[in-house]
Amino acid sequence: MSVQTLTATRRTILVVDDNALMRKLLVRCLEEGGHRVVETDDPRGVLDLMRALKPDLVIMDVVMPGLSGVELVRVIRADRALARTLVVAVTNLSTPTDMLRFSKAGFDGHVPKPIQPKDFLATITRYLDGKGDRI
């Protein structure tokens, strides 16, 4: 892939996960895919980061201390300036009940843990291109 191609497809992605090893893996996969990635372990600061960065996509863990991903995505959807941002859950929770809860909360999609780096990047690319499976 040429530098010109990378620049043309480069998107800004915010990764929100309290687990440092998972964040590192997600960031590495996304950066290798040519994306600009900003990471945080603090869900309480996400709204401010989103306003500053205007990310194309937010990838978020669901189970986090202080503020769960489900609670956070509800707050994002209630904010007129942020409501249209794509938000994808990355979690090991994937029962039909979980999927319904994620959908009702406002997640656009779901990627199950553990992730496979190549498959993860392809899935995220589909979401960014508007072709990802909605939950």
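## Exercises on a predicted model

Thr12 is in contact with Arg36, Pro55, Asp56 and Leu57, leaving aside residues up to four places away in sequence. Keep in mind as you work that this is a predicted model.

**Exercise 1. Find the element that holds Thr12, and decide whether Thr12 is buried or exposed.**

Solution.
- Start with the element: Thr12 lies in strand E1.
- Next, take its relative accessible area, which is 13%.
- Buried means under 20%, so Thr12 is buried.

**Exercise 2. Work out the strand order of the open sheet and say which strands stand at its edges.**

Solution.
- Reading across the sheet, the five strands come in the order E2-E1-E3-E4-E5, and the pairing is parallel.
- Strand E2 (36–40) and E5 each have a single partner strand, so these two stand at the edges, with one side of each lacking a neighbour in the sheet.
- From one strand to the next, the twist averages 20°.
- For a closer look at one pair, take E1 and E3: they are joined by four bridges in the parallel sense.
- One residue to locate here is Val16, whose bridge partner in E3 is Met60.

**Exercise 3. Compare the reach of helix H6 with its expected span, then explain why its buried residues are on the same side.**

Solution.
- H6 covers residues 117–128, which makes twelve residues.
- From first C-alpha to last, H6 reaches 16 Å, close to the 16 Å expected at 1.5 Å a residue.
- Now list the buried residues of H6: Phe120, Thr123, Ile124, Tyr127 and Leu128.
- These residues cover an arc of only 140° around the axis, and that puts them on the same side of H6.
- The spacing rule behind this is a handy one: an α-helix has 3.6 residues a turn, so residues three or four places apart point the same way.
- What do the buried residues of H6 pack against? Their partners are strand E1 (12–16), helix H2 (20–32), strand E3 (57–60), strand E4 (86–91) and strand E5 (109–112).
- Finally, look past the end of the helix: Gly130 follows H6 and has a positive phi, near 75°.

**Exercise 4. Classify how helices H4 and H5 are oriented to each other, and name the residues that meet.**

Solution.
- The axes of H4 (residues 69–78) and H5 (residues 96–105) come within 8 Å.
- Those axes cross at roughly 25°.
- Angles under 35 degrees count as roughly parallel, so H4 and H5 are roughly parallel to each other.
- At the contact, H4 contributes Val70, Val73, Arg74 and Arg77, while H5 contributes Arg101, Phe102 and Ala105.

Terms used
Residues are numbered from 1 along each chain as its sequence is written. This is a predicted model: local features need pLDDT of at least 70, side-chain atom pairs count only at pLDDT 80 or more; totals for chains, interfaces and linings use all residues. Side-chain values use heavy atoms; hydrogens and water are left out. The expected span of a helix is 1.5 Å times one less than its number of residues. Buried means under 20% relative accessible area, exposed over 50%, partly exposed in between (1.4 Å probe, protein chains only). The arc is that of the directions from the helix axis to the C-beta atoms. Contact means heavy atoms within 4.5 Å. Two strands pair if DSSP finds at least two bridges between them. Axes are lines fitted to C-alpha atoms, for helices over the stretch in contact, and angles run from 0 to 180 degrees between N-to-C directions. Angles under 35 degrees count as roughly parallel, over 145 as roughly antiparallel, 65 to 115 as roughly perpendicular and the rest as oblique.
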